[in-house]
Every structure is written in structure tokens, then in C-alpha cells.
Amino acid sequence: MFLDKFIMLYSHLIQPITLTLLPPCCLLCGTSTRNPHSLCSDCYKDLPISTQNCPRCAQKLHSTSATCGACLNHPPPFDETHALFPYQAPITQLITKLKFQHQLSHAKALGTLFCARIQEHWYQSKPLPDLLLPVPLHPARLQARGFNQAVEIAKPIAKHFAIPLDLTGVRRIKPTAAQSGLSARQRKQNVAHAFASNEDYTDRSLAVIDDVMTTGHTLRELCQLLKKKGAKHLTIWCVARNE
Ligand SMILES: [Zn+2]
Ligand SMILES: [Zn+2]
């Protein structure tokens, strides 16, 4: 009885104390972990790995050619794509929880995984981009969700490498329908003229950050605009690539 009353009266003090004392948990299995990416070592080891991918669009390569047929026939407006993971479980689960259950800790974990991959694999021998551009959401979508997942994923990367985040240079001006469930042709039409910018990107080297890259139509549309605005080099950094 006394304890109940004590907890009720001091719950505002107890909660932060327990949060500090209890070790953080793995985002996938709940085991306690102090790994910076918030995944226990077992779950981390089991994450899916992309095999041989096209350097330009990160699509899985089915032959030994250096670039995929689609990029050879219709070169995209971006120069390269780095995908952290293929779009499969449990990455799908992490992204869904981030976007639809507001689990912002997942964005921080994904950003931390990006930092390690950038440092240890993708950019060992080449300069980092000079600006990070998370794919903007339309203001109506942003208001409904309360945050832009691409921005939340980009924040720890920007902080770790001290690269500025561009949150205002490009606006999403068309309230596009969700791309999932649309045919390739419909996806293309859906995002046509979706972005606008008054910014001058002459000679800038940008990494465009997104959660999932499926057909790539949204990223193509955005990168076409950035190239028109003078961007010199465009790299896509996406969490998951639909292979
Ligand atoms: Zn785990
Ligand atoms: Zn390709």
C-alpha cells in the first residue's frame, strides 16, 4: 500500500532513473545490449547482406557485367547508389516500426549503421559528399506523420561526419499518393514534378538519403531537379533496396 502510494507520487522521478539504470534493449529481440546501433550481436550477425549490386542503382546484378542493363539503357540522373540492406526481414520490420509506430530510436540505429558502413566500406578511399539531402516529404504528409523518417536517419550521419544537412533547399510540392500498390508507369506519373527548388547546387556533391528505394522513380525525379540546379555528383544512400 505504502509502496503503491510512493510510486504514484514519485513516478516522474522513478521513470528517468529506471531508464538510466536499465541497459538498453535490442530493437529486434529485446535482449539487453550496449551496442551503439541498438542491435544485439546475434541479431546484428543475422542482418541480410546485399551480394553483387549495380554500383549506379544498387539493383541486384544477374550477370558479371559491371553495370545493370537498366542503367546502361537509361542512365539515371544519380551517379551511384549505396544500399545498407536488401529490402527483406527484419529490415522491413525496422522501417515499418519507424514510419508507422513512431519508433524514432530505429532511425538513430539505422543512422548509426550507415556511419559504420560509410566509414569502413563505402568511403575508405574517396571524399565524402559535401551536403546531405534527406528526401523531403510533402507538408501534408509531414504533418500527418509528425516527422520525416529520412531526416531522422540522416541526423546521426550528419553529426558523425560533420556534413551539413539540407532541410530547406528542395520542397515537395505535389501531395503524391503512396507509391506502394502502383504499377511502374503509375509510380512515374505519380511523382512527376513532385519537387521544386530555388537553390543553386552548382558544383555540389550530395548524398540523397531515403529509407526504401523500390523502382527509384522518386529519387530519379528529385535527382533530375538537383542536376538541373547544377549538382556535380549525386549519390543515393538508402536503408533498403528492393532487389
Ligand atoms: Zn537481438
Ligand atoms: Zn543499375
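Here are legends for three close-up views of this predicted model.

**View 1. Four cysteines hold the zinc ion (ligand 1).** The sulfurs doing the work are the SG atoms of Cys-26, Cys-29, Cys-40 and Cys-43, sitting at 2.3 to 2.4 Å from the metal. Read along the chain, these donors are spaced C-x2-C-x10-C-x2-C. The angles that the four donor atoms subtend around the zinc ion run from 102 to 116 degrees, so the arrangement is tetrahedral; the cut-off for that label is all angles between 85 and 135 degrees. Take a look at Cys-40 too: its relative accessibility is 9%, so it counts as buried. Cys-43 is buried as well, with a relative accessible area of 14%.

**View 2. Strand S2 runs alongside S5 in the parallel sense.** Four bridges pair S2 with S5, and one pair of bridge partners is Leu-131 with Leu-206 in S5. Strand S2 covers residues 131-134, with Leu-131 and Leu-133 pointing one way and Leu-132 and Pro-134 pointing the other. Whichever way they point, all of these residues are buried.

**View 3. The largest pocket offers about 740 Å³ of space.** Its lining takes in 33 residues, and the ones nearest the centre are Lys-99, Arg-141, Gln-179, Asp-211 and Val-212. Elements giving two or more residues to this lining are helices H4 (91-100), H6 (139-145), H8 (184-191) and H9 (217-228), plus strand S5 (205-213). Sorted by class, the lining is a mix of 14 nonpolar, twelve polar and seven charged residues.

Notes. Residues numbered from 1 in each chain as written. Chains lettered and ligands numbered in written order. Predicted model: local features only at pLDDT ≥ 70, side-chain atom pairs only at ≥ 80, totals over all residues. Heavy atoms only, no water. Donors = N, O, S within 2.8 Å, 3.2 Å for Na, K, Ca; no water. Tetrahedral: all angles 85-135°; square planar, octahedral: opposite > 155°, others 65-115°. Buried < 20%, exposed > 50% of the residue type's maximum accessible area, 1.4 Å probe, protein only. 1 Å grid on protein atoms, 1.4 Å probe; cavity = no way out; pocket = protein on both sides within 12 Å on 5 of 7 lines; lining within 4 Å. Points joined across faces, edges and corners; volume = space filled by probe spheres on them. Nonpolar A, V, L, I, M, F, W, Y, C, P; charged D, E, K, R; others polar. Pairing = 2+ DSSP bridges.
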